[in-house]
Amino acid sequence: MIKIAFTGNPNVGKSALINAVAGSNLKVGNWAGVTVEKKEAEFEYKGEKIQCIDLPGVYSLSPYTLEEMITRDFIINEKPDVVINIVDSTNLERNLYLTMLLKELGRPMIMALNFYDEFEKLSYKLDIKKFEELVEMDVVMTSATKKTGLQELLDRALEIAKKKKDEVEYTLLFDNCLQDAIEVVKCKINCDETLLKASKKFGINFLAIKLIERDSHLLEILKSEYGYSLDEEIVKIAEQLEIDHDEDVETILAEGRYGTVKGILARTFTTSMKSRLDFTDKIDRVLLNKYLGLPIFLLIIVGLMGTVFNGSAPLIDWVDGFVNNYIGKYVGMLIDENTPAWLASLVVDGILGGVGGVVVFVPLMLYLYFFLALLEESGYMSRVAFLMDRIMTKLGLNGKAFVPMVLGFGCTVPAIYATRTLEDDSSRRLTAAMAPFMSCGARLPVYGLFTAAFFGAKAGLVVMSLYVLGIAVAILTGLILKNFKMFKSEGKALLIELPPYRVPSLRVIVKSTLTRTASYLKKATTIIMGMLMILWALTYFPNNGDTANSYMAKFGKTFQGVLKPTGFADRWETVAAIPPSLAAKEIVVGFMAQVLVGDNGAQEEEETPTTLFEDTTEQVIGLGVAIKDSVLAVVSFDVKGLFSVPEASEIEEEGSGIVAATKMLWTDNLAPLRAYSFMVYILLVVPCVVTLGAIKQEFGYKFTGFIIGLLLVVPYVVSTLIFQVGRLFF
């Protein structure tokens, strides 16, 4: 199998190009041990099996970020047959710096000059033959959106790969002083048995340069794998360079590489007065304006929320009905009277309910990934970090963390997945720890029930206070956690590129959306299904569906004493409602209906018998209506529904008299305070299993355990403080 590694700067169209090359074979996962996304594909081309690996977008190969270490370690350790270096042809000077670094690794390489259609529109000129000669590799003009140059790129890559070269001795052009120093170190490597052995793995040029740089990552590897410690003579060589140039070694080498790049372009490249950057600059004067930038960004984010959650809502309702009413009906017909009651409940409530709990989020994820890809491909997402960095750095976070935090108001699941847009692991963890405190839409039915029962006309004000409280607790938690090693960033200045605005490729966006959603569906199912079935068992047994006497009810009665300081735990029903909220926060309403009203409260309507054809036709029509409603919801730009509380009449549909029954939970003068304390607990407590599944997928079991512990302690403390302080005023 031929292994091809794709690498390049961020925003050079790398994902679009590899999608165009690999087609539907692209698989998305994580690099081992980290949350950085890994994309790879296997396919056949001209009788050869090819494996493509999409390496993270990087600006350098330093040991400072996960992405940079992943890229350079993969090329060094896995030794791909050929590296395809993707370069933005409209921004050659910046992109070619990475090319100089890749040459130092000594792997067979080919360059793809991407966005060549834009290059031609700008009337730029490049002497390709001379350029190839100076960069010492084949160069292919490509355009992922136009699908030009792809076949030539693969043909040349195969040709190079078949030569089976382990190392290519590229010419490194530095000034005489620096070149002499590198040659001296290379001589020392050839004379040192340990270093000579290491050079077989790293390449002699790369090893010599990194020894001069005193690269911490490499020195750790040399120490652990080869027992080598940095030679004092090499240290003196590096120190002498710093004295001669009055700069640190890394800067000296960087300036040397940029000098080489400028020399190559001076001999091969000519530009015109026309520039697409003029258009970008005009837009940025508005979108990045000191006074208008942030309000516009907030409007875009609110619009994104409204589009994602309102647009997906009709499809979510259809999926929910399709699973529970259509599939559930015919699965139920297969269960006859001889089937044990527990088995019937397991199949219908446990397994089928578990499937529904997972797939119901698919429309939401489709919309989320589509619009995030739209922002990323257009070039606007990079502006997010720029706009929000000053505010978010006070929490030790990257500016991009604001997007997942805001998405948390709609649903915590996409908020967790959206942390992938953050560059470093510490920021991802801290954002993931804070996002669950944002009040998601699933909590609104709970607020609606308890505010209808205890607060009446003040319901809106009470709900708004819960949103504000969630934000305040998230900020306070972030300020505390950022001091711990697991969440503490290294405090480096944010370095981002603001790429030119581009019209996104619909094909690329759709493919990215489908790939990411399929990955979510595949990986999230196992753990979520397992947890939902456990919750089913605890609610069903030991009295065959008698919720009031289930293990869950016993849990409520057992832990009443522990939660008594919160004020709401003098009733076991509210305590027992907490574990089912792990399945979904809105389940609390159904649980309260079961234990407070009972099965007799709901009046079942007599259903008219229907055939499979009639039911299928109804589902097809329903899907069409859902799609139409979804499109209308998208174009309506209505965001009010995200924060509106369900009416009492809507809640009553869950079970006759549930509002009245809930009102009788507490009748003393502290009843509103107890209800508020309970809502705060539901706001801050461990999120649903779908969210936990997302956290586990992104950060592993250990971090998920930490989050569960954190979200058990915080709600207890906050609810207790609210009740104990509040009772002083009642």
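Mentor: A residue counts as buried under 20% relative accessible area, as exposed over 50%, and as partly exposed in between. Keep that in mind as we walk through this predicted model.

Trainee: Happy to. Why is Ser123 called partly exposed?

Mentor: Ser123 has a relative accessible area of 39%. Partly exposed is the class between 20% and 50%, so Ser123 belongs there. Ser123 sits in the loop between α4 and β7 (125-126), and its phi is near 60 degrees, a positive value in a residue other than glycine.

Trainee: Which other residue has a positive phi although it is not a glycine?

Mentor: Phe115, with a phi of about 60 degrees. Phe115 belongs to the loop between β6 (109-114) and α4 (116-121).

Trainee: How do you know whether Phe115 is buried or exposed?

Mentor: Its relative accessible area is 12%. The cut-off for buried is under 20%, so Phe115 is buried.

Trainee: Let's turn to the rings. How many aromatic pairs are there?

Mentor: The count comes to 22 aromatic pairs. One of them joins Phe322 and Tyr326.

Trainee: What makes the pair of Phe322 and Tyr326 stacked?

Mentor: The ring centres are 5.2 Å apart, within the 6.5 Å that a pair needs. The planes stand at 25 degrees, and stacked means under 30, so this pair is stacked. Both residues lie in helix α14 (residues 293-334), 4 residues apart, about one turn of the helix.

Trainee: Why do Phe322 and Tyr326 get their accessibility labels?

Mentor: Phe322 has 25% relative accessible area, above the limit for buried and below that for exposed, so Phe322 is partly exposed. Tyr326 has 15%, which is under 20%, so Tyr326 counts as buried.

Trainee: And what makes the pair of Tyr326 and Tyr330 edge-to-face?

Mentor: Their planes are 70 degrees apart, over the 60 that edge-to-face requires, and the distance is 5.7 Å centre to centre. Tyr326 and Tyr330 are 4 residues apart in helix α14, separated by about one helical turn. Tyr330 is buried, as is Tyr326.

Trainee: Why is the charged end of Lys557 said to sit over the ring of Trp572?

Mentor: The charged end of Lys557 is 5.0 Å from the centre of that ring. The distance limit is 6 Å, with an angle condition relative to the ring normal as well.

Trainee: Which residues touch the most other members of the largest nonpolar core?

Mentor: Phe450 and Met592, in a core of 108 residues. Helix α31 (residues 671-684) gives the most to this core, with 10 residues. A second, separate core has 68 residues, including Ala5, Leu126, Leu178 and Ile204. Phe450 also belongs to an aromatic cluster with Phe454, Phe568, Trp666, Phe678 and Tyr681.

Trainee: How many disulfides are there?

Mentor: The count is 0.

Trainee: Why is Cys187 not in a disulfide?

Mentor: The closest cysteine sulfur, in Cys191, is 6.5 Å from the sulfur of Cys187. A disulfide needs the sulfur atoms within 2.5 Å, so the two are too far apart for a bond. At 49% relative accessibility, Cys187 is under the 50% limit and therefore counts as partly exposed.

Trainee: What makes Leu153 buried?

Mentor: Its relative accessibility is 0%, so Leu153 meets the under 20% condition. Leu153 lies in helix α6 (residues 150-161). Beyond its neighbours within four places in sequence, Leu153 is in contact with Leu17, Ile84, Ile110, Ala112, Val140 and Thr142.

Trainee: One more: how do you know that the side chains of Arg94 and Asn9 make a polar contact?

Mentor: The distance is 2.8 Å, and the limit for a polar contact is 3.5 Å. Arg94 is in helix α3 (residues 92-105). Its relative accessible area of 19% is under 20%, so Arg94 is buried.

Trainee: What share of the protein chain counts as buried?

Mentor: Of its 730 residues, 54%. The secondary structure of the chain comes to 33 helices and 9 strands.

Technical notes. Residues are numbered from 1 along each chain as its sequence is written. This is a predicted model: local features need pLDDT of at least 70, side-chain atom pairs count only at pLDDT 80 or more; totals for chains, interfaces and linings use all residues. Side-chain values use heavy atoms; hydrogens and water are left out. Rings of Phe, Tyr and Trp (its six-membered ring) pair if their centres lie within 6.5 Å; planes under 30 degrees apart count as stacked, over 60 as edge-to-face and the rest as tilted. Helices (H or I, at least four residues) and strands (E, at least two) are DSSP runs, numbered from the N terminus. Buried means under 20% relative accessible area, exposed over 50%, partly exposed in between (1.4 Å probe, protein chains only). A charge sits over a ring if NZ of Lys or CZ of Arg is within 6 Å of the ring centre and within 35 degrees of the ring normal. A nonpolar core is a set of buried Ala, Val, Leu, Ile, Met, Phe, Trp, Tyr and Cys residues joined through side-chain atoms within 4.5 Å. Contact means heavy atoms within 4.5 Å. A polar contact is a pair of N or O atoms within 3.5 Å; within protein, one must be able to donate a hydrogen and the other to accept it, and residues adjacent in sequence count only if both atoms are side-chain atoms.
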